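Me: I would like a close look at a single part of this model. Please keep the sentences short.

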Amino acid sequence: MTNSEVNPSSPSSSKPPSTTKRAPRIIRRKKKTSTSSTSSSSTTTIIDPNEIPPHIQNNTQLHHVISTTLPPDYEFEIPKTIWRIERSCATSVALQLPEGLTMYASTIGDILVKFAYRFQPPQEENDNDGESSSKSNKDRSNKDSSKSKPRPKEIKSLSILGDVTYGACCIDDLSARALGCDLLVHYGHSCLVPLTCTVIPCLYVFVEIRVDVGHLVECVRLTFEEEERLRRRERQRGEWKEDVEESSEATPTRIIEALCMGTVQFRSAVVESSQRLNGDVNDVPSDSASSSSSTNTTSRVLFQAIVPQAKPLSPGEVLG
């Protein structure tokens, strides 16, 4: 017993220190991801700027006023604008519209003043104040840094910019800042100046215009059908001077390349019309006079619609 206690160089006593020198690696990634996931899942409904809250999206009074005072074919994105005003806590708002839409400027301004900040749930302010003091989320501090301050109750001033800029697409953020505005809402097609380059926060509203795409495609189809009938009639009478190959006479299929383009207000109509044109196969019946000579031939008109794009613009978008 005395030898084992006194002898420090024994192998049994020297091995344990060598094994205990290595410090265990502590990896806390799981805890961080779990906390971040729980925090992100609990705040996604509040942080997401594209999600309009129910007190705006489901407001029947707001939708009734929009449907009765503004044209139904124009999408001014009023709920999105109100939500942006409330998120940024803007009390002085400026509206910039092209000359073709200035007739709706006062109506839009009245709607924004009437419905912004007026239908917020009473617990939303308390929840936001508590969350801003307890949570230190970077995204939340960048997007909603003003939630620690008391939220405004109404829009104090709303300005409609009437000065003529270089073009309808040019944003006039300098004039809005000179008026002391907190937010500028730009309507119509835009040259898409980056929001990081403007002197005040800005919101782009393209004002999409709904058109009857079916009627548009039908008009284009009927126009080329009539032109194809005239071409076949002149060719049968010997008045058509172009050289026609024998293979084309056997199967007279005409392929028409069409470029579908428009301003940003018609971006959805441009895409839909190109899809319908590419899916349409128009059979032009042969004339009664030429039924004996071409009984088994049918003139067909095929469309090959193309939607060009010059980035950063939308597909098929032109500025003017």
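Me: Is strand E4 (residues 183-187) largely enclosed by the rest of the structure or not enclosed, and why?

Reply: This is a predicted model, where local features need pLDDT of at least 70, side-chain atom pairs count only at pLDDT 80 or more, and totals for chains, interfaces and linings use all residues. Residues are numbered from 1 along each chain as its sequence is written, and side-chain values use heavy atoms, with hydrogens and water left out.

Strand E4 is largely enclosed by the rest of the structure, because five of its five residues are buried. Buried means under 20% relative accessible area (1.4 Å probe, protein chains only). Strands are DSSP runs of E, at least two residues long, and helices are runs of H or I, at least four, numbered from the N terminus. Leu 183, Val 185 and Tyr 187 point one way from E4. Leu 184 and His 186 point the other way.

Now the neighbours. Two strands pair if DSSP finds at least two bridges between them. Four bridges join E4 to strand E2 (residues 92-96), and the two run parallel. Here Ala 94 stands opposite Leu 184. Four bridges also join E4 to strand E5 (residues 202-205), again in parallel. Tyr 187 has Val 205 as its bridge partner there.

The open sheet has four strands, in the order E3-E2-E4-E5. Its edge strands are E3 (157-161) and E5, each pairing on one side only.

Helices join in too. Helix H6 (residues 78-88) lies across E2, E4 and E5. Helix H7 (residues 105-115) packs on the sheet and touches E2, E3 and E4; contact means heavy atoms within 4.5 Å.

Terms used. Buried means under 20% relative accessible area, exposed over 50%, partly exposed in between (1.4 Å probe, protein chains only). Axes are lines fitted to C-alpha atoms, for helices over the stretch in contact, and angles run from 0 to 180 degrees between N-to-C directions.
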